[in-house]
Amino acid sequence: MTLTQRHAPEMLDLIRANIGPIPDDFDLPLPPTGLSVEEERDVRKQELAAAFRVFGKLGFSEGVAGHITARDPEFPDTFWVNPFGMSFHQIKVSDLVRVDHEGNLLHGKRPVNRAALCIHAEVHKARPDAVAAAHAHSLHGKAFSALGIPLAPLTQDACAFFEDQGLYADYRGVVSDSDEGRRIGEALGSSKAVILKNHGLLTVGQSVAAAAWWFITMERSCQAQLLAMAAGTPHEIDRETAEQVRTQIGGPLAGWFQFRPLWDQIIASSPDLFG
């Protein structure tokens, strides 16, 4: 795909921010457009399975905790998710299961994590614009969430979340009812991410790839802020600059594109992924 297609302006801004002026005929991958419902479902499921493999490689798994969901394009009140108790490292496209917001299993045979249902069903209800949501018990996300503060614009990467994150400060144990999921959705608001105090991180995106990337880069930004705070007194990036950087690297297409190298790596190393 070329930069003459519909996402070209945002992509051009992203590329210029990273490498400067580019020729008009520069060629880069872009999200596919004009897909049928079946083709779009395949894309979302493939990105979902790949995201689990990437999360596994990055060490985001914690026993049976953690889930990424993708809204079904034909039946938007249902979503695809990982089966309960299956290793992120081993999930294939054929392993994914589909449930509705009431927890009825519509595709697949393995059960779904109750917390995944309670959180993600409510997040998908609250954010009809979001195709995907990602939550895992990653180490630095957990540690940072215990502080009960938002991620600060200390680094370029953290600016993607400048005034684009929520904070849920009412932890009540393992999420097992839809009311807490609804409160998490309210705390998320219109943002791309929410910090769940004493719990971890949750991100959403207009593609599975974007939701996964926002989680990955937020986890790393949490790690960077923890290191900076341990070393001394961090200096925040000024508001005007933080807003500018967020515009450059914090959009839906930027999230999709930033995940692309990880997609290429996991596709090359996991020939069974689409099985």
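1. Helices and strands are here DSSP runs, of at least four residues for a helix (H or I) and at least two for a strand (E), and both are numbered from the N terminus. On that basis the chain holds nine helices and eight strands. The model under review is a predicted one.

2. Overall figures for the chain come next. Of its 275 residues, 51% are buried. The accessible surface amounts to about 12,400 Å², and carbon and sulfur atoms contribute 51% of that surface. Among contacts with a separation of 6 or more, 69% are made by residues 24 or more positions apart.

3. The eight strands form an open sheet with mixed pairing, in the order 4-3-2-1-5-8-7-6. Strand 4 (105-107) and strand 6 (166-168) are at the edges; each has a single partner strand, so one side of each lacks a neighbour in the sheet. On average, neighbouring strands are turned by 25 degrees against each other, direction ignored.

4. Strand 1 (residues 67-71) and strand 5 (residues 132-136) run antiparallel and are joined by four bridges. Within this pairing, H67 is placed opposite H135 of strand 5. Helix 2 (residues 37-57) packs on the sheet, where it touches strand 1, strand 2 (78-81) and strand 5. The direction of helix 2 makes about 170 degrees with that of strand 1.

5. Strand 5 also pairs with strand 8: the two run antiparallel and are joined by five bridges. Here A136 faces L201 of strand 8. How many of the five residues of strand 5 are buried? Five of the five are, so the strand is largely enclosed by the rest of the structure. A132, A134 and A136 point one way from strand 5, whereas A133 and H135 point the other way. Residues on both sides of strand 5 are thus named as buried.

6. Helix 5 (residues 178-188) lies across strand 6, strand 7 (193-196) and strand 8 (200-205), and runs at about 150 degrees to strand 6. Its buried residues include E180, G181, R183, I184, G185 and L188. The buried residues of this helix pack against helix 3 (114-126) as well as against strand 6, strand 7 and strand 8. After helix 5 comes G189, which has a positive phi near 60 degrees.

7. Attention now turns to charged side chains. Side chains of opposite charge can pair when their charged atoms come close. The structure contains 13 salt bridges.

8. One of the salt bridges lies in helix 2 and links E40 with R44. The closest N and O atoms of E40 and R44 are 2.8 Å apart. The two residues are four residues apart in helix 2, and are therefore separated by about one helical turn. Is each partner buried or partly exposed? E40 is partly exposed, at a relative accessible area of 22%. R44, at 14%, is buried, because the cut-off for a buried residue is under 20% relative accessible area.

9. A further salt bridge is formed between D129 and R127, with the closest N and O atoms 2.8 Å apart. D129 has a relative accessible area of 39% and is partly exposed. R127 counts as buried, with 7% relative accessibility.

10. K192 and D164 form another salt bridge, in which the closest N and O atoms are 2.5 Å apart. Which parts of the chain does this pair tie together? K192 is in the loop between helix 5 and strand 7, and D164 is in the loop between helix 4 (139-145) and strand 6, so the pair ties together parts that are 28 residues apart in sequence. K192 counts as buried at 6% relative accessibility. D164 also counts as buried, with a value of 17%.

11. Salt bridges can also share partners, as one group in this chain shows. R41, D72 and E74 are joined in this way into one network.

Methods: Residues are numbered from 1 along each chain as its sequence is written. This is a predicted model: local features need pLDDT of at least 70, side-chain atom pairs count only at pLDDT 80 or more; totals for chains, interfaces and linings use all residues. Side-chain values use heavy atoms; hydrogens and water are left out. Two strands pair if DSSP finds at least two bridges between them. Axes are lines fitted to C-alpha atoms, for helices over the stretch in contact, and angles run from 0 to 180 degrees between N-to-C directions. Contact means heavy atoms within 4.5 Å. A salt bridge is a side-chain nitrogen of Lys or Arg within 4 Å of a carboxyl oxygen of Asp or Glu. Buried means under 20% relative accessible area, exposed over 50%, partly exposed in between (1.4 Å probe, protein chains only). Accessible areas come from the Shrake-Rupley method with a 1.4 Å probe; for residues, only the protein chains shown count as cover.
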